[in-house]
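Reader: Could you walk me through this one with me? I'd like to start with charged pairs and then move on to the sheet and the helices.

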Amino acid sequence: MNTKRCVTIRGNDYERGRQAGEALGYSVKVNLCNQIRHYKENSGYDFSHWINACKSYIPLVRQYTPHTYEELRGLADGAGLAFEEVLSLTSAYELAVAGGNVADKCTGFFAAGTYTEDGGAICGQTNDEDFSEWIPYLDVVLKHQNTEGPSALVYTHPGIAAYMGMNNAGLSVLWQYIDNGERAADGLGVPTNCIIRELLFYDDLDDAVAFLKQVPHTIPNHYLITHRTEGAASVECYPGGIFVRKSKTNLCHANNILTEEKMDGCDKKNPLVYRKPFSVRAMEEDCYRHVLEGNDGILEWSYLRYDRICQLLEEHKGAINAEMGKRFLSDHEYAPFSICSHPNFVNTRWKTLASIIFDMERETMYIAFGCGCEEEFYQFGFDDSADL
C-alpha cells in the first residue's frame with residue numbers, strides 16, 4: 001500500500017502532534033485551502049471568519065480535552081501554522097452543522113458475544129461525506145505510539161484531531177451525525193473531533209461515557225463507544241444532556257435519532273412505515289424531482305440504512321467476523337440509499353470516503369480508503385508487523 005496512508009508518531013502528546021505536523025504539513029495546508037475554497041464557492045462565506053471565531057473554543061479544549069489540546073499545539077508547530085488555523089479544521093464540523101452543510105452520513109455497528117464467530121468484539125462504520133469538501137486521497141491512519149498513555153490507531157483527515165479510532169486498552173470510538181436542531185445557548189462547547197480524540201485516552205467504557213456526560217456539547221452528536229470486554233454504549237449527546245443505550249452483544253446507528261424524547265420533528269419519514277407499498281424506485285423518482293431535498297429526505301434514507309444494518313446483524317448472528325463486517329459496509333441493499341454510499345440524485349458529491357472495521361480481540365484495524373465494494377481493505381495493528 002501507499003505508506004503515506006499510515007504515519008507512525010511517537011512520544012508525548014505534544015511530540016506526537018509535532019511529528020504528525022511535520023509529516024502531513026502539506027496535506028494539512030491543502031485541506032485548509034480547500035475549506036476556504038469550499039465555503040467561498042458554496043455559500044460565499046469567508047472561512048477566515050471561522051479561523052478567528054473558533055478561538056472561542058480554546059479555553060474549553062484546554063480544559064476538557066487536555067491531551068488533544070497538546071497534540072493540536074504540536075500539529076500546528078510541526079506544520080508551520082497558527083494554532084487557530086489547525087483548530088479551524090478540527091472544528092470545521094461545527095461550522096458545517098451551523099450552515100446546514102451536512103447530509104446523508106454514516107452507518108455504524110457493534111457485534112460481540114453470541115453475535116460473533118468467536119465471541120469477540122467487532123465494530124465498524126462507513127464515513128460518508130462530500131468529496132469536494134474533504135479530499136479523500138489525503139486521508140490517513142495515525143499510529144500513535146504514546147509514551148504516557150494508551151496508544152491509538154486513528155483514521156482522520158489531515159489537520160483534524162480524530163474521526164474514528166481504537167486504542168490498545170481495548171476501547172474504540174465511532175461517530176454518526178444526528179441533528180434535531182438543538183444548539184448550545186451560548187454557542188460554546190468542545191468541538192466534536194476533539195471529543196473523539198480525547199475519548200481514546202480512556203481504557204474503561206463507563207469512564208468514557210462519564211466524560212461525555214461532563215463535557216459541554218455545542219451540537220447534537222452520536223458516539224458509538226465499544227470495548228473489547230465491556231460491551232458497547234450508544235450515546236446520543238445534546239447540549240441539554242446525553243442519552244445512553246448499552247449492550248454486551250449488538251448496537252447499530254445510522255443518523256436517525258433513536259432517543260424517543262428527542263425524536264419530535266425528526267421521526268417523520270420512515271419509508272418502511274409510511275410508504276405503503278414500500279418502493280425504492282418511488283423514492284428515486286421523488287429524489288429526481290427534488291421532493292426529498294432537505295432534512296426530511298436525509299432522514300428518510302437514514303431509516304433504510306439503519307434497518308439494513310440491524311437486519312444484517314440478525315441474519316449473520318453467530319458468524320460475524322472482520323471479513324463479514326467488511327461485507328456489511330459494502331452492502332447495496334436499498335441502493336442508491338444503501339450503507340455503501342455512492343453519489344445519488346440528491347447529493348451528487350457525497351460518497352463513502354472510508355470503510356472501517358475494528359477487530360477488538362485482535363487489536364486490528366481494517367480500512368478501505370473509499371467504498372468497500374471498490375477499494376482494498378488495508379490492515380493496521382499497534383506494532384509495525386501487523387500492517388499489511
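Reader: Which side chain does Asp179 meet in a salt bridge?
Author: In this predicted model, the side chain of Asp179 meets that of Arg183 in a salt bridge, at 2.8 Å from N to O. Arg183 is partly exposed, because its relative accessible area of 34% falls between the 20% and 50% cut-offs.

Reader: And what does Asp331 pair with?
Author: Asp331 forms a salt bridge with Arg308, and their closest N and O atoms are 2.9 Å apart. Asp331 sits in the loop between helix 12 (322–329) and strand 12 (350–359), while Arg308 belongs to helix 11 (residues 295–315), so the pair ties together parts that are 23 residues apart in sequence.

Reader: Are those two buried or exposed?
Author: Both Asp331 and Arg308 are buried.

Reader: Which residues are joined into one network by salt bridges that share partners?
Author: That network consists of Asp13, Arg16, Glu71 and Arg197. Within it, Asp13 forms a salt bridge with Arg16, the closest N and O atoms being 3.0 Å apart; the two residues lie in helix 1, three residues apart, which is about one turn of the helix, and both are buried. The structure holds 20 salt bridges.

Reader: Switching to the sheet, what's the strand order?
Author: Eight strands form an open sheet in the order 1-4-5-6-7-8-9-10, with mixed pairing. Strand 1 (6–11) and strand 10 (241–247) stand at the edges with a single partner strand each, so one side of each is left without a neighbour in the sheet. From one strand to the next, the twist averages 15 degrees.

Reader: How many bridges link strand 7 and strand 8, and in what sense do they pair?
Author: Strand 7 (residues 171–176) and strand 8 (residues 221–227) pair in the antiparallel sense over six bridges, and Val173 has Ile225 in strand 8 as its bridge partner.

Reader: Where does helix 1 pack?
Author: Helix 1 packs on the sheet, where it touches strand 1 and strand 4, and its direction makes about 150 degrees with that of strand 1.

Reader: Last topic, helix 4: what covers its buried residues?
Author: The cover includes helix 1 (13–43), helix 3 (58–64), helix 5 (83–90), strand 4 (140–146) and helix 7 (192–199). Among the buried residues of helix 4 are Tyr69, Glu71, Leu72 and Leu75, and Glu71 is also a member of the salt-bridge network.

Reader: How far apart are the end C-alpha atoms of helix 4, and what follows the helix?
Author: The end C-alpha atoms are 20 Å apart, which agrees with the 20 Å that its 14 residues (66–79) should span at 1.5 Å a residue. Gly80 follows helix 4, and its phi is positive, near 75 degrees.

Technical notes. Residues are numbered from 1 along each chain as its sequence is written. This is a predicted model: local features need pLDDT of at least 70, side-chain atom pairs count only at pLDDT 80 or more; totals for chains, interfaces and linings use all residues. Side-chain values use heavy atoms; hydrogens and water are left out. Helices (H or I, at least four residues) and strands (E, at least two) are DSSP runs, numbered from the N terminus. The expected span of a helix is 1.5 Å times one less than its number of residues. Buried means under 20% relative accessible area, exposed over 50%, partly exposed in between (1.4 Å probe, protein chains only). Contact means heavy atoms within 4.5 Å. Two strands pair if DSSP finds at least two bridges between them. Axes are lines fitted to C-alpha atoms, for helices over the stretch in contact, and angles run from 0 to 180 degrees between N-to-C directions. A salt bridge is a side-chain nitrogen of Lys or Arg within 4 Å of a carboxyl oxygen of Asp or Glu.
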